[in-house]
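Let's take a walk through this one together, starting with the overall layout and then zooming in on a few side chains. Keep the viewer open as you read.

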Amino acid sequence: MISVGASDENGERAEVRSPQNPNIIIWGSNYGKQLDVITPGTSNIVYTTDATSNSSYSAYSGTSAAAPHVTGLAALIMSYHPTPLAPEDVEHIIEYGATDQLPSGYDIESGFGRIDAGNSLDLIEFPNYRVVHYEAQGSQAVQVGSLHHIDMVGDYDIYPAGPQW
């Protein structure tokens, strides 16, 4: 499962402030330690077909407007990779490919950052990169072939494929 927050046109957490008192937030997108990524989700950049007309569009905002961007990227990643990917593979590729927002690194306002389809696809461009699962307990060093030595945490990573493949 990928937790998505809405971002504004500047790539920051989407929120609407009171016109009378800008210190009061009327509406704000999801945030917190469960957040994975953010995507565009404000009415000045996301439009949808109007439910009352066959020929017009309406402004659309919030995480409901942001989530379809991630769904589309997940589908693109799965269609681009030459072999089937597990759901956690797709999630990590989206997270690793996201463009970091300030402050640097993971944060509760933007997660791993704003999704970036180009970066995500570059991570798995075959045969230059491979998605690999391995057994690891905690943080440990893993020897990959004779040329690569990578410190990894958990059971997943993306790294350059070499002649050992």
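What pattern does the protein chain follow when read along the sequence? It goes β-β-β-β-β-β-α-α-α-β-β-β-β. Counted up, that comes to three helices and ten strands. Keep in mind that you're looking at a predicted model.

Some whole-chain numbers help set the scene. The protein chain has 165 residues, and 36% of them are buried. Its accessible surface comes to about 9700 Å², with 53% of that belonging to carbon and sulfur atoms. As for contacts, take those with a sequence separation of 6 or more: 55% of them are between residues 24 or more positions apart.

Now zoom in on strand E1, which covers residues 4–7. Val4 and Ala6 point one way from the strand, Gly5 and Ser7 point the other way, and all of them are buried. E1 runs parallel to strand E4 (residues 37–40), and four bridges join the two. If you want one pairing to click on, Ala6 has Thr39 as its bridge partner in E4.

Ser7, in E1, deserves a longer look. Is Ser7 buried or exposed? Its relative accessibility is 0%, so Ser7 counts as buried. What surrounds Ser7, once you leave aside its neighbours within four places in sequence? The contact list is Glu12, Ala14, Ile38, Thr39, Pro40, Gly41, Thr42, Ile45 and Arg114. One of these, Arg114, also makes a polar contact with Ser7, side chain to side chain, at 3.4 Å.

Next up, the charged groups. How many salt bridges does a search of the whole structure find? The answer is three. Start with Arg13 and Glu15, whose side chains meet at 3.2 Å, N to O. Arg13 is buried, because its relative accessible area of 14% falls under the 20% cut-off. Glu15, at 29% relative accessibility, counts as partly exposed.

Glu15 also meets the side chain of Arg17 in a salt bridge, this one at 2.7 Å, N to O. Arg17 counts as partly exposed, with 38% relative accessibility.

The remaining pair to visit is Arg13 with Glu109, where the closest N and O atoms are 3.9 Å apart. Why is this pair worth a look in terms of sequence? Arg13 sits in the loop between E1 and strand E2 (15–17), while Glu109 sits in the loop between H2 and H3, so the salt bridge ties together parts that are 96 residues apart in sequence. Glu109 itself is partly exposed, at 32% relative accessible area. Put the pieces together and you get one network: Arg13, Glu15, Arg17 and Glu109 are joined by salt bridges that share partners.

Finally, turn to the surface. Which residues form a nonpolar patch there? They are Tyr31, Tyr106, Ile108 and Phe112, and together they have about 360 Å² of accessible area. Pick out Phe112 and you'll find it in the loop between helix H2 (87–97) and helix H3 (117–123). That's the loop between H2 and H3 where Glu109 lies too. Phe112 has a relative accessible area of 32%, so this residue is partly exposed.

Key: Residues numbered from 1 in each chain as written. Predicted model: local features only at pLDDT ≥ 70, side-chain atom pairs only at ≥ 80, totals over all residues. Heavy atoms only, no water. Patch = residues over 30% accessible without salt bridge, like charges linked within 9 Å, V, L, I, M, F, W, Y side chains within 5 Å. Areas by Shrake-Rupley, 256 points an atom, 1.4 Å probe, with all protein chains shown as cover. Salt bridge = Lys/Arg side-chain N within 4 Å of Asp/Glu carboxyl O. Buried < 20%, exposed > 50% of the residue type's maximum accessible area, 1.4 Å probe, protein only. Polar contact = N/O pair within 3.5 Å; in protein donor to acceptor, adjacent residues only side chain to side chain. Contact = heavy atoms within 4.5 Å. Pairing = 2+ DSSP bridges.
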